[in-house]
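The following note sets out points for a colleague who is reviewing this model. Please read the points alongside the coordinates.

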Amino acid sequence: MGEEGSGDTVHLLCLAASSGVPLFCRSSRGGAPTRQQLPFSVIGSLNGVHMFGQNLDVQLNSARTEDTTVVLIVGLEELTNIRNVERLKKELRASYRLIDSFLGDSELIGDLTQCVDCVIPPEGSLLQETLSGFAEATGTAFVSLLVSGRVVAATEGWWRLGMPEAVLLPWLVGSLPPQAARDYPVYLPHGSPTVPHRLLTLTLLPSLELCLLCGPRPSLSQLNPQLLERWWLPLLDPLRGCLALGPRALPDGFPLHADILGLLLLHLELKRCVFTVEPLRDKEPSPEQRRRLLRNFYTLVATTHFPSDPGPTEKTEDGVRPAQMPRACYLVLGPGTGWQLVALQLGLRLLLLLLSPQSPTHGLRSLATHTLHSLTPLL
């Protein structure tokens, strides 16, 4: 969906695999949810094409017009034996906010990279130590601290969560309306697709939440204000320092080159990433355009230059690496804009930068290398 224009309409249509009954349809225009729905005749036609293709071992994934894209999702195996369609539709409503956030213009990028969106707190060691102690006190191995859907700190158990739940859980919390506390049932697509876990959330400060993934215990009432105050009140100032990290991701004052308009840093083994378009907010392009440019550039380099399955390998002085694997690539946009994008991979880290037009092209790799070295201790 990254190729659509900013004013295009995107419809996400989910059909029952066996009957073709529409379970839900969510729509977005220009990155914002809309009430515009697909006519039933269009849904019926799409299902007819899907059924025809299925008999020929052809799967219909999407359909496009000049300004509209319909993405077709066929129900999972667990949803194919539907006993009560209306009840299922009602249960699926709990997912609408999450679905809408994927269709909208999100500030996150984990849906594309399949890496967990993270921020780098200024006092990360202190927050991590407190979080681990809090997890032990509550008897829960899976605990994280989130700001605006991004992970500030997490226990080892939380980091061991598989994909896609490691990306989905923070994204889900970030998509929900503000609430002091929640006890939310969740199914883990990889770890527990049939038995729900409990996702407990506790708001410490606006947009800053503690998340616990657990079974029957602890109850929400056990996580009383006294317990929270004992662990987190002494860290009030460091917690306040995390609030601005939502869109910025990096600590205040972190030295970035003046030409950098946005960056995406990925740790390919840990499956974590840092994404920000906050530098030089007063300059063009807008934050929304910056996000779109970096998302499209990531799609290009991940599928063309730095694929996850790089093919044959060869021995080098640095160890075994893919044969003919590029280390860097860049793209200059134009005419009329001149914004530049550069990607650099060193070891397990991949860095993408969006740069202003005045940055000299011959210095892109050097700038990217220096930036990656300065960011490496953080992720």
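1. In helix α4, the buried residues (under 20% relative accessible area with a 1.4 Å probe, protein chains only) are Tyr96, Leu98, Ile99, Asp100, Ser101 and Leu103. The helix, spanning 96-103, is thus listed as mostly covered, with 6 of 8 residues buried. Its cover includes β1 (9-15), β2 (22-29), β3 (32-34), α3 (85-92) and α8, where contact means heavy atoms within 4.5 Å. Helices (H or I, at least four residues) and strands (E, at least two) are DSSP runs, numbered from the N terminus.

2. The model is predicted: local features need pLDDT of at least 70, side-chain atom pairs count only at pLDDT 80 or more, and totals for chains, interfaces and linings use all residues. Residues are numbered from 1 along each chain as its sequence is written, and side-chain values use heavy atoms, leaving out hydrogens and water.

3. Five strands form an open antiparallel sheet in the order β8-β7-β11-β10-β9, where pairing requires at least two DSSP bridges between two strands. Strands β8 (150-154) and β9 (181-188) are the edges, each paired on one side only. From one strand to the next, the twist averages 30°. Strands β7 (residues 142-147) and β11 (residues 208-214) are antiparallel and joined by 6 bridges; Val147 has Leu208 as its bridge partner in β11.

4. Helix α8 (residues 165-175) lies across β7, β8, β9, β10 (192-205) and β11, and runs at about 150° to β9. Axes are lines fitted to C-alpha atoms, for helices over the stretch in contact, with angles from 0 to 180 degrees between N-to-C directions.

5. The largest nonpolar core (buried Ala, Val, Leu, Ile, Met, Phe, Trp, Tyr and Cys residues joined through side-chain atoms within 4.5 Å) has 44 residues. Those with the most contacts inside this core are Phe134, Leu145, Leu210, Trp232, Leu239 and Leu353. Helix α13 (residues 364-375) supplies the largest share, 5 residues. A second, separate core of 22 residues includes Cys115, Leu261, Leu266 and Tyr298.

6. Beyond its neighbours within four places in sequence, Leu145 is in contact with residues including Leu127, Leu131, Val151, Leu204, Leu210 and Leu239.

7. The second largest pocket (an open set of points on a 1 Å grid over the protein atoms alone, with protein on both sides within 12 Å along at least five of seven lines) holds about 400 Å³. Of its 22 lining residues (an atom within 4 Å of a point), Ser148, Val173, Gly174, Ser175 and Leu176 are closest to its centre. Helix α8 gives the most to this lining, with 4 residues.

Note on methods:
Buried means under 20% relative accessible area, exposed over 50%, partly exposed in between (1.4 Å probe, protein chains only). On a 1 Å grid over the protein atoms alone, a cavity is a set of points where a 1.4 Å probe fits but cannot get out, and a pocket is an open set with protein on both sides within 12 Å along at least five of seven lines; lining residues have an atom within 4 Å of a point. Grid points are joined across faces, edges and corners, and a volume is the space filled by probe spheres set on the points.
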